[in-house]
Amino acid sequence: MSIASANTNMRVPAGFRNLLEGLAREVLREQPSDVVAFAAQYFQKLLEQREAGGVDPVAWGAMLED
């Protein structure tokens with residue numbers, strides 16, 4: 001099955017750019033040998049911080065983008 005992509009407008013969700021920039025910055029800083037595993041751990045830490053009542057990086061990034 002194929003999906004036509006012509007005339008499709010896709011919008012990046014609010015805060016997504018900031019989230020990916022944070023990941024990219026940490027990858028460049030740490031230079032991990034396994035980027036996928038590093039990304040999984042990075043996002044797991046962010047999730048734990050958010051669930052513990054800390055700052056939600058997506059919501060914070062969305063505020064910065066406005």
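User: Why is Y42 called buried in this model?

Analyst: In this predicted model, Y42 has a relative accessible area of 17%, and because buried means under 20%, Y42 is counted as buried.

User: What makes Y42 part of a nonpolar core, and which residues belong to that core?

Analyst: A nonpolar core is a set of buried residues of certain kinds, Tyr among them, joined through side-chain atoms within 4.5 Å. The largest such core here has seven residues, and Y42 is listed in it together with L19, L23, V27, F38, A39 and L46. In soluble globular proteins, nonpolar side chains tend to be buried together.

User: Which elements supply this core?

Analyst: Helix 1, residues 16-30, and helix 2, residues 35-51, are the elements that each give two or more residues to the core, and the largest share, four residues, comes from helix 2.

User: How do you know that Y42 and F43 form an aromatic pair, and what makes the pair edge-to-face?

Analyst: A pair of aromatic rings is described by the distance of the centres and the angle of the planes. For Y42 and F43 the centres are 5.4 Å apart and the planes are at 70 degrees; because the rule asks for centres within 6.5 Å and counts planes over 60 degrees apart as edge-to-face, the two rings pair in the edge-to-face manner. By this rule the count for the structure comes to one aromatic pair.

User: Is F43 buried, exposed or partly exposed, and why?

Analyst: F43 has a relative accessibility of 30%, and because partly exposed covers the range between the limits of 20% and 50%, F43 counts as partly exposed, whereas Y42 is buried.

User: What makes R29 and E26 a salt bridge?

Analyst: The closest N and O atoms of R29 and E26 are 2.7 Å apart, and because a salt bridge requires a side-chain nitrogen of Lys or Arg within 4 Å of a carboxyl oxygen of Asp or Glu, this contact qualifies as a salt bridge. The structure holds one salt bridge. Both R29 and E26 lie in helix 1, three residues apart, which is about one turn of the helix.

User: Why is R29 called exposed?

Analyst: R29 has a relative accessible area of 55%, and because exposed means over 50%, R29 is placed in the exposed class.

User: What makes the backbone of Q31 stand out, and where does Q31 lie?

Analyst: Most residues other than glycine have a negative phi. Q31 is not a glycine, although its phi is positive, at about 50 degrees. Q31 lies in the loop between helix 1 and helix 2, and at 57% relative accessibility Q31 counts as exposed.

User: What makes V55, W60, M63 and L64 a nonpolar surface patch, and how is W60 placed in it?

Analyst: A patch takes residues with over 30% relative accessible area and no salt bridge, and nonpolar side chains are joined within 5 Å. V55, W60, M63 and L64 make a nonpolar surface patch of about 460 Å². W60 is located in helix 3, residues 57-65, and because its relative accessibility of 43% falls between 20% and 50%, W60 counts as partly exposed.

User: How do you know that P13 and A62 come together in space, and which class of exposure does P13 have?

Analyst: P13 and A62 are 49 residues apart in sequence, and their C-alpha atoms are 8.5 Å apart in space. P13 is found in the segment before helix 1, and with a relative accessible area of 47% P13 is partly exposed. In another such pair, the C-alpha atoms of D56 and G15 are separated by 9.8 Å, with their positions 41 residues apart along the chain. D56 is found in the loop between helix 2 and helix 3.

User: Why is the chain described by the pattern α-α-α?

Analyst: The chain has three helices and zero strands, and reading along the sequence gives the pattern α-α-α. Buried residues make up 21% of the 66 residues in the chain.

User: What does UniProt list for residues 14-51, and how helical is that span?

Analyst: An unreviewed UniProt entry lists residues 14-51 as "domain: RIIa". In the model, this span is 84% helix and 0% strand, and its end C-alpha atoms lie 20 Å apart.

Definitions and conventions. Residues numbered from 1 in each chain as written. Predicted model: local features only at pLDDT ≥ 70, side-chain atom pairs only at ≥ 80, totals over all residues. Heavy atoms only, no water. Patch = residues over 30% accessible without salt bridge, like charges linked within 9 Å, V, L, I, M, F, W, Y side chains within 5 Å. Areas by Shrake-Rupley, 256 points an atom, 1.4 Å probe, with all protein chains shown as cover. Buried < 20%, exposed > 50% of the residue type's maximum accessible area, 1.4 Å probe, protein only. Phe/Tyr/Trp six-rings, centres within 6.5 Å; stacked < 30°, edge-to-face > 60°. UniProt positions renumbered as here; feature names shortened; annotations may be inferred.
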